[in-house]
2 protein chains.
Amino acid sequence: MPTLGFHKHDHASCISSTLERAEAHCVAHNLKFTPVRKRTLEILLAEHRALGAYDLLAMLSEEGLGTAPPVAYRALDFLTGAGFAHKIEGLNAYIACAHLGEDHAPAFLVCTRCKTVAEADTAADKGRLGQAAAATGFQIEKTVIEAMGICPACVEDAPCA
Amino acid sequence: MPTLGFHKHDHASCISSTLERAEAHCVAHNLKFTPVRKRTLEILLAEHRALGAYDLLAMLSEEGLGTAPPVAYRALDFLTGAGFAHKIEGLNAYIACAHLGEDHAPAFLVCTRCKTVAEADTAADKGRLGQAAAATGFQIEKTVIEAMGICPACVEDAPCA
DNA sequence: CCCCAAATTGATATGTTATAACATTCAATC
DNA sequence: GATTGAATGTTATAACATATCAATTTGGGG
Ligand SMILES: [Zn+2]
Ligand SMILES: [Zn+2]
Ligand SMILES: [Zn+2]
Ligand SMILES: [Zn+2]
């Protein structure tokens, strides 16, 4: 499903199954899935939208989980490090991974209007950049592949655009 | 030349010819290539490295071209709008376009150590993202394609990494 | 030539995103 | 029950970007 996020799906189970896989991953790798980290992932999972660190912080703070920026950034560091979340560089915002556990090089379709994000697994996409890289001895550590645009729902809302 | 920036080349003419093309473009499109804008492009062209807006501002300010952040951001807005420069989202930094006038969808190889950037013209890269987009009715307005890693020069300097 | 409108610049303040630094708590290990 | 490393709490600040409004320039009509 390359475009989860733009289609209807069983979102409750989408959340719960991802959380389960995250828990399992933490057990397997001796990572501590602490309350702040878990809650942060839950919040991200609740939407297929990118949220800013300070948006997250506001929600965490309402729940008494911390008020200072490092709270949010530490949780996001953990989640992105573990592969549970990704940063959308084009928005300076964060989103839960839609392919948790699949060891992937993600690519994103990002709606600049509603911030909905679809995560496509295009590991093969590395190919073209990879060719240029290999030709010069450049060692790729991470790829940022994002298409910014207007999602189907927003196109319908304002087709004139 | 997909990897300009990692190879030796006639940099003086690389700068001057690009400036000429920029001037011509401005004349043709009735854009004002004011001193600040021109000098900002010159500074960016002098390196095949990404520079932060405040790095640029510091240099402009030394030359009496303005001291407040909007000076740099206005110049960068103009240059990116005209296609003379690109923003590297993964670094929050800016670089002169290496394919000025070619109407391209750029992709970058970004060295996270020395900030050298090679601009590859991979318009075809849109293809794969484009497929996923077309399949769902997503309208791409802009693509962000960046490979972060270590450039050949930096690899040699610290091969152990 | 003078006036107007639009674009550009100057200047101040503020908003937004992210990290440094250091003290404290906590839980596992020895 | 001391040691130790990870996680948190807290304060402050760094780094990136924009809003706003006044002043100036510039290029056409009148
Ligand atoms: Zn993912
Ligand atoms: Zn949308
Ligand atoms: Zn370019
Ligand atoms: Zn390098």
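A polar contact is a pair of N or O atoms within 3.5 Å. The term applies to the views of DNA below, and the model shown in every view is a predicted one.

**Figure 1. Polar contacts to DNA strand D.** A polar side-chain atom of A:Thr34 lies 2.4 Å from a phosphate oxygen of DNA strand D. From chain B, a polar side-chain atom of B:Tyr73 is placed 3.1 Å from a phosphate oxygen of this strand. B:Tyr54 reaches a base instead: one of its polar side-chain atoms is 2.8 Å from a base nitrogen of DNA strand D.

**Figure 2. The protein surface around DNA strand D.** DNA strand D is surrounded by 14 residues, and the closest are A:Thr34, A:Arg74, B:Tyr54, B:Tyr73 and B:Lys87. Of the atoms of DNA strand D that come within 4 Å of the protein, 39% are accounted for by sugar and phosphate. H4 of chain A and H4 of chain B each supply at least two residues of the surface near this strand. The largest share, 4 residues, comes from H4(B).

**Figure 3. The protein surface around DNA strand C.** There are 14 residues around DNA strand C, of which A:Tyr54, A:Tyr73, A:Lys87, B:Thr34 and B:Arg74 come nearest. Among the atoms of DNA strand C within 4 Å of the protein, 40% belong to sugar or phosphate and the rest to bases. Side-chain N or O atoms approach phosphate oxygens of the strand at A:Tyr73, with a distance of 3.1 Å, and at A:Tyr94, with a distance of 3.3 Å. On chain B, a polar side-chain atom of B:Arg37 is 3.2 Å from a phosphate oxygen of DNA strand C. Helix H4 (69-82) of chain A and helix H4 (69-82) of chain B are the elements that give two or more residues to the surface near DNA strand C. H4(A) gives the most, with 4 residues.

**Figure 4. The zinc ion (ligand 2) in chain A.** The coordinating atoms are the SG atoms of A:Cys111, A:Cys114, A:Cys151 and A:Cys154, at 2.2 to 2.4 Å. The angles among the 4 donor atoms are 105 to 116°, and the site is tetrahedral. Along the chain, the donors follow the spacing C-x2-C-x36-C-x2-C. A:Cys114 sits in the loop between strand S3 (106-111) and strand S4 (117-121) of chain A, and A:Cys154 in helix H6 (residues 152-157) of chain A; this pair links distant parts of the chain, 40 residues apart. A:Cys114 counts as partly exposed, at 26% relative accessibility, whereas A:Cys154 is buried, at 8%.

**Figure 5. The zinc ion (ligand 4) in chain B.** Its protein donors are the SG atoms of B:Cys111, B:Cys114, B:Cys151 and B:Cys154, lying 2.2 to 2.4 Å from the ion. The arrangement is tetrahedral because the 4 donor atoms subtend angles of 108 to 113°. B:Cys114 is in the loop between strand S3 (106-111) and strand S4 (117-121) of chain B and B:Cys154 is in helix H6 (residues 152-157) of chain B, so the pair ties together parts 40 residues apart in sequence. The relative accessible area is 25% for B:Cys114, which is partly exposed, and 8% for B:Cys154, which is buried.

**Figure 6. The axis relating chains A and B.** A turn of 180° with a shift of 0.1 Å along the axis lays chain A on chain B with an RMSD of 0.1 Å. That is the relation of a two-fold axis. In chain A, the C-alpha nearest the axis belongs to A:Ile145, at 2.3 Å. The copies meet through the same surface, because 100% of the interface residues of chain A are also interface residues in chain B.

Conventions
Residues numbered from 1 in each chain as written. Chains lettered and ligands numbered in written order. Predicted model: local features only at pLDDT ≥ 70, side-chain atom pairs only at ≥ 80, totals over all residues. Heavy atoms only, no water. Donors = N, O, S within 2.8 Å, 3.2 Å for Na, K, Ca; no water. Tetrahedral: all angles 85-135°; square planar, octahedral: opposite > 155°, others 65-115°. Buried < 20%, exposed > 50% of the residue type's maximum accessible area, 1.4 Å probe, protein only. Least-squares fit on C-alpha atoms with pLDDT ≥ 70 in both. Contact = heavy atoms within 4.5 Å. Near = heavy atom within 4 Å. Polar contact = N/O pair within 3.5 Å; in protein donor to acceptor, adjacent residues only side chain to side chain.
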